Amino acid sequence: MGVNLRLGNRAVSRKEESVHKRRLFVALGVAGVVGAAALTSATAQASPLQGSTRARTCVGSSFAATLGTDQSICNGNHYVTMQTNGDLVLRESPSDRACYASGTRGANAAATFNQNIVGTPYVDIVSPSQGRIGRIMGAHRTPHLATNASVNSKGEFWIGYKKIGYC
């Protein structure tokens, strides 16, 4: 095993380097989630979505915790809504055309982002009466950990670094 990293004045083996990198990634990931949640709650103001057939609450362009029933993440003319029937749907306005749907069904469901530092990030769709009714897998990008689910102004729905659907 060769030595290729120095920690202060001490040489570090590849195994020790790997352990230090993992600890750093975990620390950065936790800080990123906490920072993203704080930023989202500080800057995202709930507002009804314009141009849709039903008023929805727009909570920002991403979520790092839970998206409740009838809440949306919005960017430009595109939005992802957790519908009352338990389906997570990407739409574009003003036509309200659905571009992606999770295909899940359950009363009063919510979508919860999970960073999952060990594996890939995902969004669980959970109904209070049925439990978990769906899971949508995302992706990390080495060495960066995914910190949220988002929609961009091009109409792309992302979980971490994986494009899930688009308009």
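What share of the 167 residues of the protein chain counts as buried? The figure is 39%, and it comes from a predicted model. The fold is mostly a strand story: the secondary structure comes to one helix and 16 strands. About 9,100 Å² of the protein chain is exposed, and carbon and sulfur atoms supply 53% of that area. As for how the chain folds back on itself, take the contacts between residues at least 6 apart in sequence: 36% of them join residues at least 24 apart.

**Sheets**

Let's start with the sheet that runs in the order S5-S14-S15-S16. It is open, has four strands and pairs in the antiparallel sense. Its edges are strand S5 (62–63) and strand S16 (162–166), each of which pairs on one side only. S5 is held to strand S14 (residues 149–151) by two bridges, again antiparallel. For a concrete spot to click on, look at Ser-62, whose bridge partner in S14 is Ser-150.

Another open sheet of four strands has the order S6-S11-S12-S13, and here too the pairing is antiparallel. Strand S6 (66–67) and S13 are the edges; each has a single partner strand, so one side of each is left without a neighbour in the sheet. Further in, S12 and S13 pair over six antiparallel bridges. Ser-127 is a handy marker for this pairing, as it stands opposite Gly-131 in S13.

**The nonpolar core**

The largest nonpolar core has 19 residues, and those touching the most other members are Phe-63, Leu-88, Ala-111, Phe-157 and Ile-159. Which elements give two or more residues to this core? They are S8, S9, S11, S12, S14 and strand S15 (156–159).

Ile-159 is worth a closer look. Leaving aside residues up to four places away in sequence, its contacts include Phe-113, Pro-121, Tyr-122, Val-123 and Ile-136. Gly-138, Ala-139, Asn-148, Ala-149 and Ile-164 are also among the residues that Ile-159 touches.

**Salt bridges**

The structure holds four salt bridges. Here are some of them, with the N to O distance for each pair.

| Basic residue | Acidic residue | N to O distance |
|---|---|---|
| Arg-105 | Asp-87 | 2.9 Å |
| Arg-135 | Asp-124 | 2.7 Å |
| Lys-163 | Glu-156 | 3.5 Å |

The salt bridge of Arg-105 and Asp-87 links distant parts of the chain, 18 residues apart. Arg-105 sits in the loop between strand S10 (97–101) and strand S11 (110–114), while Asp-87 belongs to the loop between strand S8 (78–82) and strand S9 (88–92). Arg-105 is partly exposed at 48% relative accessible area, whereas Asp-87 counts as buried at 6%.

Now for the salt bridge between Arg-135 and Asp-124. Arg-135 lies in strand S13 (residues 131–137) and Asp-124 in strand S12 (residues 122–127), so this pair ties together parts that are eleven residues apart in sequence. Arg-135 has a relative accessible area of 37%, which makes it partly exposed, and Asp-124 is buried at 11%.

What about Lys-163 and Glu-156, the pair with closest N and O atoms 3.5 Å apart? Lys-163 is partly exposed, with a relative accessible area of 38%, and Glu-156 is buried at 12%.

**Disulfides**

How many disulfides does the count come to? There are two disulfides. Numbering the bonded cysteines in sequence order gives the pairing 1-2, 3-4.

One disulfide joins Cys-58 to Cys-74, with an S to S distance of 2.4 Å. Cys-58 lies in strand S4 (residues 57–58) and Cys-74 in strand S7 (residues 71–75), so the link ties together parts that are 16 residues apart in sequence. Both ends are out of the way of the probe: Cys-58 is buried at 10% relative accessibility, and Cys-74 is buried at 11%.

Another disulfide joins Cys-99 to Cys-167, where the S to S distance is 1.9 Å. This link is right-handed, with 105° about the S-S bond. Cys-99 lies in strand S10 and Cys-167 in the segment after S16, so the pair ties together parts that are 68 residues apart in sequence. Cys-99 is partly exposed, with a relative accessible area of 22%, and Cys-167 counts as partly exposed at 26%.

Notes: Residues numbered from 1 in each chain as written. Predicted model: local features only at pLDDT ≥ 70, side-chain atom pairs only at ≥ 80, totals over all residues. Heavy atoms only, no water. Pairing = 2+ DSSP bridges. Salt bridge = Lys/Arg side-chain N within 4 Å of Asp/Glu carboxyl O. Buried < 20%, exposed > 50% of the residue type's maximum accessible area, 1.4 Å probe, protein only. Contact = heavy atoms within 4.5 Å. Areas by Shrake-Rupley, 256 points an atom, 1.4 Å probe, with all protein chains shown as cover. Core = buried A, V, L, I, M, F, W, Y, C linked by side-chain atoms within 4.5 Å. Disulfide = S-S within 2.5 Å.
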